Amino acid sequence: MNWLNKEDGFNQINTLGQSRTPFLFIISYDQNKIFAKALDNLDDDICYKLEDWRNYPVKKREKPFTFSKSPVDFKCYQDALEKVLEEIRSGNTYLLNLTFKTPIETNYSLKEIFTYARAKFKLYYKDEFICFSPERFVEIEDNTIATYPMKGTIDANLPFAKEKILADKKEMAEHVMIVDLMRNDLGIIGNHVNVEKFRYVEKIKAGQKELLQVSSKITAKIPKDWRDHIGTLLSQLLPAGSITGTPKKSTVNIINQVENFDREFYTGVFGVFDGESLRSGVMIRFIEKENKKLYYKSGGGITLDSDAKSEYEELVDKIYLPF
């Protein structure tokens, strides 16, 4: 088995960083399963893409695909949402990322979906799971670390979609909270924390739909010897704030009580250190294989202003193949 426990995993990442060995790391949501291996030693059935860093050939999709989803029923979703709202009213969380597991069916294999999916950050692990994520986690160049929390999604084809999402008070509140949380997280490991871009909009392809997603860019300066402590540095930042909520510790406890499945690698992170700099992505837009069946995991941020119907629609909208 390739997975290491939390302590051994982060130590292994530190060791690879200290020797400046280029490596891939994969860290589960709860950090209890960690994979870290030199790129030279990577198994053939592990493929990655981090923007223009990749280890597999580009192929053109030729065969037609079928895709169907069987999301959790609205009543079940509403019940979970109500529990979250109760916790918000009690002051135990202000923002919580509520997620569900959806059975899907397709004529494509995991490897085929991975190969043809259009996304900035992609991972294929041994026919067990894939992700095709639009969301960076952190990148480190020289001695600057940057994170790009993503909060806020809207159908790009709605009239005035960009203006609507940027003017939406619930979305604004959610985004501000995550930016604040990520600023604090970067402040733990660095200084000169700076919000360089606040709420910029990008378009992504979501199956038949196009979505607009709202992100911010936050940077900090970190010590020059950061390459010797990559594992320690990552451990201080995880789990990612954008897929948990704020305040992080109590929100994670609530997630464990409210969600009806184990996230495992969904909403974990993966990345590559090339010997000099580091890139990583959050494992959202995620499909896993369990007993020969495929499951897609998705969700969204809940605040006091959340409307059950639109949150449910967002959860369902995010279940797609990005071809």
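Select the hairpin of strands S7 and S8 in this predicted model. Three residues lie between the two strands, and lysine 126 has a positive phi near 50°.

Extend the selection to the strands themselves. S7 covers residues 121-125, and S8 covers residues 129-133. The two run antiparallel and are joined by five bridges. To check the register, pick tyrosine 124; its bridge partner in S8 is isoleucine 130.

Now add strand S3, residues 46-50. S3 is also antiparallel to S7, again with five bridges. Here the pair to display is isoleucine 46 and tyrosine 125, which stand opposite each other.

Keep S7 selected and show its side chains. In a regular strand, side chains alternate between the two faces of the sheet. Are the residues of S7 buried or exposed? Five of its five residues are buried. On one side are Phe121, Leu123 and Tyr125, on the other Lys122 and Tyr124, and both faces are covered.

Next, turn to the nonpolar cores. The largest comprises 76 residues. Select Ile13, Leu24, Ile26, Leu98, Ile145, Leu234 and Phe270, the members with the most contacts inside this core. Centre the view on leucine 234: beyond its neighbours up to four places away in sequence, this residue touches Phe10, Ile13, Phe25, Ile27, Phe137 and Val138. A second core, separate from the largest, has 23 residues. Phe114, Ala119, Tyr124 and Ile319 are among them, and Tyr124 leads back to S7, where this residue is buried.

Move on to helix H5 and pick histidine 175. Its relative accessible area is 1%, so histidine 175 counts as buried, the limit being under 20%. Which residues does histidine 175 touch, leaving out those up to four places away in sequence? They are Pro149, Lys151, Phe198, Arg199, Val214, Ser215 and Ser216.

H5, spanning residues 169-189, also helps to line the last stop, the largest pocket. The volume of this pocket is about 410 Å³. Its lining has 19 residues, and those closest to the pocket centre are Thr153, Ile154, Glu171, Ser310 and Glu314. Colour the contributing elements: strand S11 (150-155), helix H4 (161-167), H5, strand S13 (209-221) and helix H8 (308-317) each provide at least two lining residues. Which element gives the most? H8 does, with five residues. Finally, colour the lining by class: twelve residues are charged, four nonpolar and three polar.

Technical notes:
Residues numbered from 1 in each chain as written. Predicted model: local features only at pLDDT ≥ 70, side-chain atom pairs only at ≥ 80, totals over all residues. Heavy atoms only, no water. 1 Å grid on protein atoms, 1.4 Å probe; cavity = no way out; pocket = protein on both sides within 12 Å on 5 of 7 lines; lining within 4 Å. Points joined across faces, edges and corners; volume = space filled by probe spheres on them. Helix = DSSP H or I, 4+ residues; strand = E, 2+ residues; numbered from the N terminus. Nonpolar A, V, L, I, M, F, W, Y, C, P; charged D, E, K, R; others polar. Buried < 20%, exposed > 50% of the residue type's maximum accessible area, 1.4 Å probe, protein only. Pairing = 2+ DSSP bridges. Contact = heavy atoms within 4.5 Å. Core = buried A, V, L, I, M, F, W, Y, C linked by side-chain atoms within 4.5 Å.
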